[in-house]
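Here is a set of short exercises to work through with the model open beside you. Try each task before you read its solution.

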Amino acid sequence: DVILSVPSLRAIRSKFENANIKVLVGLRSREALNGCPYINDTIVCDLKGRDRAYSGLMRVGAALRKNCFDMVIDLQNNRKSHILAFSSLAHLRYGYDNRKLSFLLNRRIKDDAPYLDPIEHQFRVLNAAGIKGSGKTLELWPSANDDKYVDKFLADNWIKPSQDLVGINVRASAKWATKNWPPSYIAQLCDRLAKEFNIRVVLTGSKDDIDFTDRIVKSTAAKPVVAVGKTGLLELASLVKRFKVYLTPDSAPMHIAAAMATPFVALFGPTDPRRHVPAAKDVVVLKKDLRCSPCYSSRCMKDLRCMRKITVDEVLNAMKKFLIKEATVENITVNDAH
């Protein structure tokens, strides 16, 4: 969500060139705004930890009031964000009229366009504030230290600077098992990339994905490089920009790839790519046209067929568009094969 806010931040800065712009951001995702040229600072909260209770919300609200904001633009639009917008005592508080305590906002717009992508959804709020949203390009700003960390990581894994790399984001999350491609398929893909293209694969993911990744590594002869749990957000961004192509389910790393202008193949099952694929030049989306998809459910009663029906051959063929230099890709290609 923070990465997806960048086009809105860019538009706000364009409208208010000399304003003091601060972003209230969660503790776990604050790194996404490191180096952002469109803001002056961040205010960090921990709504999943110490600021979760009512007393925590009041503490964050007090911090907001100290800044004497003239305007708050609520891009999150949930109960807690509406409470915090009100707590700021800003004269103008923009957001959606969504019955989630939205009466606490005093500049509300109807939430009557459910099929917009997230950025366009934000732009509607900006428009209400007299801000023109234009350009959906995502951005991240890895530092020189992030690049040095990745250089060392790759060197420690015997990867030369000239070596071609393919990245695979092993899964979306443990909670969203319906988004995940089977680990056996990932292992097969690693072996075929090594055999047919002499490609080293780098597996990425969070610390929560380590056990899942072990299942992949034990099933592959290619022995991919494991970066799972070994990078911060911007270190991951620096790593992703080294890949010729990145394979990912619907997840935050998909947006990181878009922000770093890295070609990616996105696998979709329970969610709708029309709503979630970020703006990017080189992207192929693979999905199956099943009656039950998109279901937006984290549990499946039909053996995860929407993801299992996406074959290794299909993914490899999609990747070839980026592995073979002469090939070109035009925007988004959606595979709706049964």
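**Exercise 1. Look at the residue that follows α3: what is the sign of its phi?**

Solution. Step one: the residue that follows α3 is L89. Step two: read its backbone angle; the phi of L89 is positive, near 60°. Bear in mind that this is a predicted model.

Now go to the other end of the helix. N78 caps the N-terminal end of α3, with a side-chain oxygen 3.2 Å from the backbone nitrogen of K80.

**Exercise 2. Find which residues of α3 are buried, and what they pack against.**

Solution. Start with helix α3, residues 79-87, and apply the cut-off for buried, which is under 20% relative accessible area. S81, H82, L84, A85 and S87 meet it. Next, look at what surrounds them: these buried residues pack against β1 (22-26), α2 (54-65), β3 (71-73) and β4 (92-97).

**Exercise 3. Decide whether α1 is largely enclosed, then place S8 within the helix.**

Solution. First, count: eight of the 10 residues of α1 are buried, so the helix is largely enclosed by the rest of the structure. Second, name them: V6, P7, S8, L9, R10, A11, I12 and R13. Third, ask what covers them; the cover includes β1, β3 and α4 (118-128).

Now zoom in on S8, which belongs to helix α1 (residues 6-15). Its relative accessibility is 0%, so S8 counts as buried. Leaving out residues up to four places away in sequence, S8 touches L75, Q122, F123 and L126. With one of these, Q122, the side chain of S8 also makes a polar contact of 2.6 Å.

**Exercise 4. Describe the largest cavity: what is its volume, and which residues line it?**

Solution. Begin with the search, which gives one cavity of 30 Å³ or more. The volume of the largest cavity is about 50 Å³. Its lining is made of I168, N169, V170, R171, N180, W181, I186, L247, T248, P249 and L267. Then sort the lining by element: β6 (165-169) and β9 (245-249) are the elements that give two or more residues. Of the elements, β9 gives the most, with three residues. Finally, sort by chemistry: the lining has seven nonpolar residues, three polar and one charged.

**Exercise 5. Examine three of the salt bridges, asking for each pair where the partners lie or whether they are buried or exposed.**

Solution. The whole structure holds 15 salt bridges; take these in turn.

- *D51 and R59.* Their side chains meet at 3.0 Å, N to O. D51 is buried, with a relative accessible area of 1%, while R59 is partly exposed at 39%. R50 joins D51 and R59 in a network of salt bridges.
- *D147 and K241.* The N to O distance is 3.3 Å. D147 sits in helix α5 (residues 144-156) and K241 in the loop between α8 (233-240) and β9, so the pair ties together parts 94 residues apart in sequence. K241 is partly exposed, at 36% relative accessibility.
- *K288 and E314.* This pair meets at 2.7 Å, N to O. K288 is in the loop between β11 and α11 (305-308) and E314 in helix α12 (residues 312-323), so the bridge ties together parts 26 residues apart in sequence. K288 counts as buried at 4% relative accessibility, and E314 counts as buried at 19%.

Notes: Residues numbered from 1 in each chain as written. Predicted model: local features only at pLDDT ≥ 70, side-chain atom pairs only at ≥ 80, totals over all residues. Heavy atoms only, no water. Helix = DSSP H or I, 4+ residues; strand = E, 2+ residues; numbered from the N terminus. Buried < 20%, exposed > 50% of the residue type's maximum accessible area, 1.4 Å probe, protein only. Polar contact = N/O pair within 3.5 Å; in protein donor to acceptor, adjacent residues only side chain to side chain. Contact = heavy atoms within 4.5 Å. 1 Å grid on protein atoms, 1.4 Å probe; cavity = no way out; pocket = protein on both sides within 12 Å on 5 of 7 lines; lining within 4 Å. Points joined across faces, edges and corners; volume = space filled by probe spheres on them. Nonpolar A, V, L, I, M, F, W, Y, C, P; charged D, E, K, R; others polar. Salt bridge = Lys/Arg side-chain N within 4 Å of Asp/Glu carboxyl O.
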